[in-house]
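Visitor: I should like to examine one part of this protein closely, with the terms stated as they arise. May we begin once the sequence and the model are in view?

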Amino acid sequence: TSPALAYASYPFVDLPPGNTSPCKLFPVNKFYKIPLYLFERTKYNESSDKFEGESIVIETQRLIMRPFDIKDLDIVSLLYGNPDIMTYMPCGNLMEEEIRTHLQKITSDWNEKPQVNYEMAVICKSDSKKIGRARIHMDYESDTAMIGWLLIQSEWNKGYATEITKSLLEYCFKILKVHRVCALCHPQNIGSWKVLEKCGLR
């Protein structure tokens, strides 16, 4: 089954007078060849800024997200080399050499200007354990960011995906100041759909 799209939105959405749905159909995504149904952000809450400056080190109640570096082969291998974790990813699980190449790519992405791909290691604050990856992918032409995450299996069902998603939404709108945020989700990936819905995406 092809990946279905998903979502985009922010919990603070004002609809124009007389408009009962902010949903619009935008051009198909060039990679997945599927339509993106997105909510436009028209307003967001600026009363409590959590992030400062341009550098990404996102901190939540339990997690830190920071740029990948070349020393992160351990967590990247655990994620991208595991077929169970990569079941719903378009690329499937990667082989050892592919993982090394991917790590080099996502670390070098941080030197791009303007930066398109923001891939971050997700680390537990309590024990400094690397448990996953968070991602923001920018489309400057449409003023849209796509977000995503991966977690090692031992950390599933602990609320981390929700924590990551909420923080990425906030970062995209308040720091990157994009107009829309979307997320891609395979139709059979029920757990991820529920996370996105819980975070206010539709």
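Visitor: Is Cys 185 buried or exposed, and what is its relative accessible area? After that, please give a close account of strand 6 (residues 117–124) and its surroundings.

Guide: Cys 185 is buried, with a relative accessible area of 3%; here buried means under 20% relative accessible area, exposed means over 50%, and partly exposed lies in between, for a 1.4 Å probe and protein chains only. This is a predicted model, in which local features need pLDDT of at least 70 and side-chain atom pairs count only at pLDDT 80 or more, while totals for chains, interfaces and linings use all residues. Residues are numbered from 1 along each chain as its sequence is written, and side-chain values use heavy atoms, with hydrogens and water left out.

Another cysteine, Cys 91, is partly exposed at 48% relative accessibility. The search of the whole structure finds 0 disulfides, a disulfide being a pair of cysteine sulfur atoms within 2.5 Å.

We may now turn to strand 6. Helices (H or I, at least four residues) and strands (E, at least two) are DSSP runs, numbered from the N terminus. Two strands pair if DSSP finds at least two bridges between them. Strand 6 runs antiparallel to strand 5, and 5 bridges join the two. Across this pairing, Ile 123 of strand 6 stands opposite Ile 64. Ile 64 is also the bridge partner, in strand 5, of Glu 59. That second contact belongs to the pairing of strand 4 (residues 58–59) with strand 5 (residues 63–67), which is antiparallel over 2 bridges. Strands 4 and 5 form a hairpin, with 3 residues between them.

Asn 117 lies in strand 6 and is buried, with a relative accessible area of 6%. Leaving aside neighbours within four places in sequence, Asn 117 is in contact (heavy atoms within 4.5 Å) with Ile 106, Asp 109, Glu 112, Arg 135, Ile 136 and His 137. With Arg 135, the side chain of Asn 117 makes a polar contact of 2.7 Å. A polar contact is a pair of N or O atoms within 3.5 Å; within protein, one must be able to donate a hydrogen and the other to accept it, and residues adjacent in sequence count only if both atoms are side-chain atoms. Ile 136 is 19 residues from Asn 117 in sequence, yet their C-alpha atoms are 6.1 Å apart in space.

Tyr 118 provides an aromatic feature. The whole structure holds 1 aromatic pair. It is formed by Trp 110 and Tyr 118, is edge-to-face, and has 5.6 Å from centre to centre and 85° between the planes. Rings of Phe, Tyr and Trp (its six-membered ring) pair if their centres lie within 6.5 Å; planes under 30 degrees apart count as stacked, over 60 as edge-to-face and the rest as tilted. Trp 110 and Tyr 118 are both buried.

Charged residues come next. Side chains of opposite charge can pair when their charged atoms come close. A salt bridge is a side-chain nitrogen of Lys or Arg within 4 Å of a carboxyl oxygen of Asp or Glu, and the whole structure contains 12 of them. One joins the side chains of Arg 133 and Glu 119 at 3.3 Å, N to O. Because Arg 133 lies in strand 7 and Glu 119 in strand 6, this pair ties together parts that are 14 residues apart in sequence. Both Arg 133 and Glu 119 are buried.

Ala 121 leads to a further group of charges, since it is among the residues in contact with Asp 72, along with Arg 66, Pro 67, Leu 103 and Lys 130, once neighbours of Asp 72 within four places in sequence are left aside. Asp 72 is found in the loop between strand 5 and helix 1 (73–80) and is buried, with a relative accessible area of 0%. Arg 66, Asp 72, Asp 74 and Lys 130 are linked in a network of salt bridges. Within that network, the side chains of Lys 130 and Asp 74 meet at 3.2 Å, N to O. Lys 130 is in strand 7 (residues 130–139) and Asp 74 in helix 1, 56 residues apart, and the pair thus links distant parts of the chain. Lys 130 is partly exposed at 21% relative accessibility, and Asp 74 is partly exposed at 44%.
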